[in-house]
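The following exercises invite the reader to examine a structure step by step. Each task is followed by a worked solution.

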Amino acid sequence: MESQYFNFQELCTITALPSQTIIEIVDHGIIEPEGSDPESWLFNTRMVSVTRKAIRLHNDLEIEWSGIALAISLLEELEEIRHENQQLKAQLNRFIVG
Amino acid sequence: MEFKDYYKILSVAEDADSKAIKTAYRKLARKYHPDVSGHQEAEEKFKEVTEAYEVLKDPEKRAQYDEFRKYGEPSSGREDGRYRSRQFEGDSSGFSGFSDFFSSIFGGAGPSGRPQGQSYGFTSQQAFDQRGQDIETDMPIFLEDTLTDTTKTLSYQLPHREADGHTREINRTLNVKIPAGVANGERIRLKGQGGQGIGSAPNGDLYLRIRLVPHPLFDVEAHNLIITVPLAPWEAALGASIEVPTLTGKIKLTIPANSQTGQRLRIKGKGLVRKQGHGDLYAVLKVVMPDTADDQIKTQWQQLADSAAFDPRKEWRK
């Protein structure tokens with residue numbers, strides 16, 4: 001299987017973003033790579049997709065980075081809660097139906 | 001070709017000023033943005049709204065559109081269709097997938113400016129080296145298939161650039177190795193299996209989003225599985241040894257005497273595969289009543305009722 005991790009340069013390449021933008025996204029805690037400085041940063045595939053989402057929200061909805069950090073963490077929370085809700089509903093159904 | 005009423009799409013009056021148009025656009029863009037909205041047709045709606053705003057925010061384009069709307073044809077007689085050949089530049093909304101209707105009035109492929117590699121599935125047509133588009137697609141996986149490494153056949157659509165420069169979707173089939181222990185929502189990257197690179201640039205990548213298919217018997221909680229076990233009242237009262245299905249076969253489970261509905265029994269190591277070891281299977285007990293009772297059974301329940309000093313609602317009487 002292909003490597004599931006990217007270094008800083010690779011993330012810039014695959015997202016076609018300038019390094020400064022990536023640094024800004026990391027500075028805002030929108031993604032949290034392993035490693036302490038840009039040279040040693042490692043990003044996983046989930047971070048790639050979060051980066052893309054951040055850029056889309058930034059461009060499409062004209063949201064500042066700090067707002068994006070908030071929006072993304074709320075969206076993640078929402079997704080978790082929806083998922084949990086779905087699980088609990090499925091379990092509840094097994095209890096009350098049949 | 002379908003006529004698009006951009007005013008209607010943005011829900012603004014024909015004489016709305018630019019501020020009202022911007023406000024309407026922002027509101028709808030937030031509502032339908034595919035990253036934010038749970039709306040089924042969010043992506044289509046968002047494209048439509050963005051297209052409408054692209055036209056109405058620009059006084060020149062708006063005037064041209066108004067003329068078309070009124071007289072039913074693009075104003076090509078005027079200044080030799082100078083808008084037709086113009087590409088829109090520097091716009092950040094980033095969609096090149098505007099409608100035929102849009103192209104028929106304004107020409108071009110729409111605005112450019114979105115960094116490439118974004119994932120709505122739109123492509124731009126620049127004639128220089130450009131890394132191929134990354135593609136994201138859902139990969140449904142049965143729970144049983146997550147226990148060991150497994151190979152799945154995947155079909156997906158890929159934008160393909162023809163010799164004439166046009167891009168169309170082609171179907172691609174691929175055998176993909178899914179490692180044991182994948183979790184719901186996990187993404188697997190397949191390098192170079194995305195959109196074709198332009199010029200000497202490399203292909204994009206394919207990302208598989210793992211979706212665990214709901215199982216008829218088991219629910220998933222992280223790496224643990226949950227199975228609801230129906231019990232007869234006497235099994236719950238007296239205890240029992242029953243057979244319980246797992247993902248890999250069946251096991252014997254001892255139900256202790258005086259078990260309750262909702263009680264969880266842990267069956268170690270029979271859950272999903274983790275990076276190290278296995279999760280557990282939880283049997284959740286559910287006492288069920290028989291559908292019918294004949295006279296003899298009723299007599300026996302009555303005897304039980306008379307002899308058991310049990311008040312299930314004693315909490316209410318405190």
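In strand β7(B), B:Asn224 is the bridge partner of B:Glu221. The model that shows this pair is a predicted one.

**Exercise 1. The sheet around β6(B)**

Determine how many bridges join β6(B) to β7(B), and place these strands in their sheet.

Solution. Begin with the pair itself: β6(B) and β7(B) run antiparallel and are joined by 4 bridges. Next, read the strand order, which is β6-β7-β11-β10 in chain B. These 4 strands make an open sheet with mixed pairing. Then consider the edges: β6 and β10 (264–267) of chain B each have a single partner strand, so one side of each is left without a neighbour in the sheet. From one strand to the next, the twist averages 30°.

A last step brings in the other chain. Helix α4(A) packs on the sheet and touches β6, β7 and β11 (281–287) of chain B. The direction of α4(A) makes about 150° with that of β6(B).

**Exercise 2. The sheet around β4(B)**

Identify the edge strands of the sheet with the order β1-β5-β4 in chain B.

Solution. The sheet is open, has 3 strands and shows mixed pairing. Its edge strands are β1 (135–141) and β4 of chain B, since each pairs on one side only. The twist here averages 30° from one strand to the next. Now examine one pairing in detail: β4(B) and β5 (residues 206–212) of chain B run antiparallel, with 4 bridges between them. Within β5(B), B:Leu206 is the bridge partner of B:Leu190.

**Exercise 3. Two helices of chain A**

Classify the packing of α3(A) against α4(A) from the angle between them.

Solution. Helix α3 (residues 45–61) of chain A packs against helix α4 (residues 65–96) of chain A at about 125°, and their axes are 10 Å apart. Roughly antiparallel requires an angle over 145 degrees, and roughly perpendicular covers 65 to 115. The angle therefore makes α3(A) oblique to α4(A). The crossing of α3(A) past α4(A) is right-handed.

The residues in contact come next. From α3(A) they are A:Val50, A:Lys53, A:Ala54, A:Leu57 and A:His58, and from α4(A) they are A:Ile68, A:Ala71 and A:Ile72. By class, this contact comprises 6 nonpolar, 1 polar and 1 charged residues.

**Exercise 4. Two helices of chain B**

Carry out the corresponding analysis for α2(B) and α3(B).

Solution. The angle between α2(B) and helix α3 (residues 42–56) of chain B is about 165°, with the axes 9 Å apart. The two helices are therefore roughly antiparallel to each other, and α2(B) passes α3(B) in a left-handed crossing. On the α2(B) side, the residues that meet α3(B) are B:Ile21, B:Tyr25, B:Leu28, B:Ala29 and B:Tyr32. Among their counterparts in α3(B) are B:Phe46, B:Val49 and B:Tyr53. The contact divides into 10 nonpolar, 1 polar and 1 charged residues.

**Exercise 5. The contact between the chains**

State which elements of chain B give two or more residues to the side that touches chain A.

Solution. First, count the residues: 30 of chain B are in contact with 25 of chain A. The elements sought are α2 (18–32), β4 (187–190), β6 (218–221) and β7 (224–231) of chain B. The largest share, 3 residues, comes from β4(B). Finally, the residues on this side of chain B divide by class into 8 nonpolar, 9 polar and 13 charged.

Key. Residues numbered from 1 in each chain as written. Chains lettered and ligands numbered in written order. Predicted model: local features only at pLDDT ≥ 70, side-chain atom pairs only at ≥ 80, totals over all residues. Contact = placed C-beta atoms within 7 Å. Nonpolar A, V, L, I, M, F, W, Y, C, P; charged D, E, K, R; others polar. Axes fitted to C-alpha atoms, helices over the stretch in contact; angles between N-to-C directions. Parallel < 35°, antiparallel > 145°, perpendicular 65-115°, else oblique. Left-handed = near helix turned anticlockwise from the far one by under 90°. Pairing = 2+ DSSP bridges.
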